[in-house]
Number of protein chains: 2
Amino acid sequence: MSSAPRPLRSDAQRNRDRLLAAARELFAERGVDVAMADIARHAGVSNGTLYNRFPTREDLIEAVFADRLEARAALVAQALADDDPWRGFVGYLTAICEFQATDRGFNEVVARDLPPSPAAQRLQEERQAAITQLMDRARQAGALRHDVTVEDLAFVVCGISRTVEITAGLAPQVWRRHLALLLDGFRPEAAHPLPEPPLPPGLLHAAAG
Amino acid sequence: MSSAPRPLRSDAQRNRDRLLAAARELFAERGVDVAMADIARHAGVSNGTLYNRFPTREDLIEAVFADRLEARAALVAQALADDDPWRGFVGYLTAICEFQATDRGFNEVVARDLPPSPAAQRLQEERQAAITQLMDRARQAGALRHDVTVEDLAFVVCGISRTVEITAGLAPQVWRRHLALLLDGFRPEAAHPLPEPPLPPGLLHAAAG
DNA sequence: CAGTAAGTTGACGAGATCGTCAACTTAGGT
DNA sequence: ACCTAAGTTGACGATCTCGTCAACTTACTG
């Protein structure tokens with residue numbers, strides 16, 4: 001049933017690694033729209049080899065950010081390990097935003113919110129479940145307002161995304177202020193009725209927490 | 001001192017109007033990166049005429065959105081006319097966000113935050129002064145937390161900008177929920193110390209409220 | 001009604017980026 | 001040692017968009 005993924009020849013593997021490293025670097029620095037030729041050149045490899053390993057730009061993007069997306073799962077676990085529910089919640093969101101703030105490509109990827117690969121799909125759902133748990137815990141501790149859902153975390157990701165984009169070169173840390181303001185809006189003391197229902201589950205993908 | 005702006009020939013004026021109308025429409029629909037040729041075609045005019053009237057894309061963008069930017073000034077006045085300071089404040093921000101939500105091009109323009117034209121510069125400063133007044137009033141009424149500044153409104157514009165961008169096709173009204181959450185963070189009941197100083201004045205242009 | 005400056009046209013060249021391909025090279029097994 | 005399939009190369013054609021220009025047309029003035 002499963003395809004037999006015969007291992008790459010040693011030089012091919014080396015080139016693949018170089019391409020990934022080059023892409024990671026250029027994506028982080030200049031965003032995911034850099035010219036493919038630049039990536040190949042930066043990897044010390046020809047144009048054709050790049051297309052040979054990664055037929056489309058999306059293949060390359062997916063390969064580059066796979067580990068980053070996995071890392072997010074680890075972050076939730078770490079947040080759940082925190083004694084203080086609110087601190088855990090805030091810590092998780094801060095960590096995610098730090099990813100966005102330090103990697104332009106990653107910021108663009110979560111902002112674009114493309115449908116996830118079937119592989120990432122499951123990981124995604126697991127993470128969402130864990131986040132729900134994280135939020136429930138904070139809610140029960142009286143630290144989180146009752147009318148927000150996991151889907152509302154997309155607003156955090158979206159909002160910080162743009163702020164980082166604009167202020168990255170001028171005031172690289174102000175996004176923390178934006179985040180703090182937004183988080184104060186998640187507290188029960190501030191809760192006023194919300195005008196719209198939350199986003200239906202599954203409408204957003206990468207951006208959803 | 002002032003250059004003598006001799007009036008355009010009648011047909012030239014007509015073509016100019018058509019170009020502006022076409023650009024307004026296509027910008028709103030597809031964003032400010034539409035092909036110049038598309039705009040010309042949509043206006044029923046040749047490529048050369050377009051470049052004749054508007055040598056650069058920026059010239060065209062500026063001409064198209066000049067009135068929109070003026071309209072924002074009117075909005076502040078309207079907000080100040082409201083008896084309830086908080087309602088006025090919220091109404092103003094909501095109105096601005098509605099601009100962004102209904103016009104993709106406008107949303108992109110405020111998000112790009114290019115340095116304003118010298119003409120818009122003064123208008124900008126006047127508006128900022130009026131907004132400061134609007135915020136002071138709300139603060140004195142005990143409706144707005146004390147540690148936020150005009151510059152913090154950029155977070156509203158930025159945040160909603162991205163949310164609108166992503167959700168426009170799926171849930172065109174959810175940005176109101178995002179805005180409501182963010183605004184609850186502006187209330188004094190929720191106020192917790194902010195981690196970063198506000199943006200220095202003048203760093204951001206269009207996005208700053 | 002005619003002359004002229006203002007305006008319009010659409011084809012064109014420059015420049016960028018993409019993805020492909022036929023020829024060439026090399027790793028790794030026998 | 002040698003053969004073959006896997007891998008690499010870099011030039012190339014296709015596509016797209018921009019901004020220009022020389023030739024043509026037209027509105028307005030006297």
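These legends go with five close-up views of a predicted model.

**View 1. How chain B maps onto chain A.** Turn chain B by 180°, with 0.0 Å of shift along the rotation axis, and it superposes on chain A with an RMSD of 0.0 Å. That's the relation of a two-fold axis.

**View 2. Where the two chains meet.** Here 36 residues of chain B are in contact with 36 residues of chain A. On the chain B side, α8 and α9 each put in at least two residues. Sorted by class, that side of chain B has 20 nonpolar, 9 charged and 7 polar residues. As for the match between the two sides, 100% of the interface residues of chain B are also interface residues in chain A, so the copies meet through the same surface.

**View 3. Helix α9 of chain A in its surroundings.** This helix covers residues 175-184, and 8 of its 10 residues are buried, so the rest of the structure largely encloses it. The buried ones are Trp175(A), Arg177(A), His178(A), Leu179(A), Leu181(A), Leu182(A), Leu183(A) and Asp184(A). What lies over them? The cover includes pieces of both chains: α5 (85-102) and α8 (153-167) from chain A, plus α8 (153-167) and α9 (175-184) from chain B.

**View 4. The protein surface near DNA strand C.** Of the 23 residues around this strand, the ones that come nearest are Ser10(A) and Gly48(A) from chain A, along with Asn15(B), Ser46(B) and Gly48(B) from chain B. The elements giving two or more residues here are α1 (10-30), α2 (36-42) and α3 (47-53) in chain A, and α1 (10-30) and α3 (47-53) in chain B. Which of them gives the most? That would be α3(B), with 4 residues. By class, the surface splits into 10 polar, 8 nonpolar and 5 charged residues.

**View 5. The protein surface near DNA strand D.** Around this strand sit 23 residues, and the closest are Asn15(A), Ser46(A), Gly48(A), Ser10(B) and Gly48(B). At least two residues each come from α1 and α3 of chain A and from α1, α2 (36-42) and α3 of chain B. For strand D, α3(A) gives the most, with 4 residues. The class count here is 8 nonpolar, 10 polar and 5 charged residues. Put views 4 and 5 side by side to follow the helices: α2 of chain A is on the list for strand C, while α2 of chain B is on the list for strand D.

Key. Residues are numbered from 1 along each chain as its sequence is written. Chains are lettered from A and ligands numbered from 1 in the order in which they are written. This is a predicted model: local features need pLDDT of at least 70, side-chain atom pairs count only at pLDDT 80 or more; totals for chains, interfaces and linings use all residues. A residue is near a molecule or strand if its C-beta atom, placed from the backbone, lies within 6 Å of it. Ala, Val, Leu, Ile, Met, Phe, Trp, Tyr, Cys and Pro count as nonpolar, Asp, Glu, Lys and Arg as charged, and the others, Gly among them, as polar. A residue is buried if 20 or more other C-beta atoms lie within 10 Å of its own, exposed if 12 or fewer, and partly exposed in between; C-beta atoms are placed from the backbone. Two residues are in contact if their C-beta atoms, placed from the backbone, lie within 7 Å. Copies are superposed by least squares on the C-alpha atoms of residues with pLDDT of at least 70 in both.
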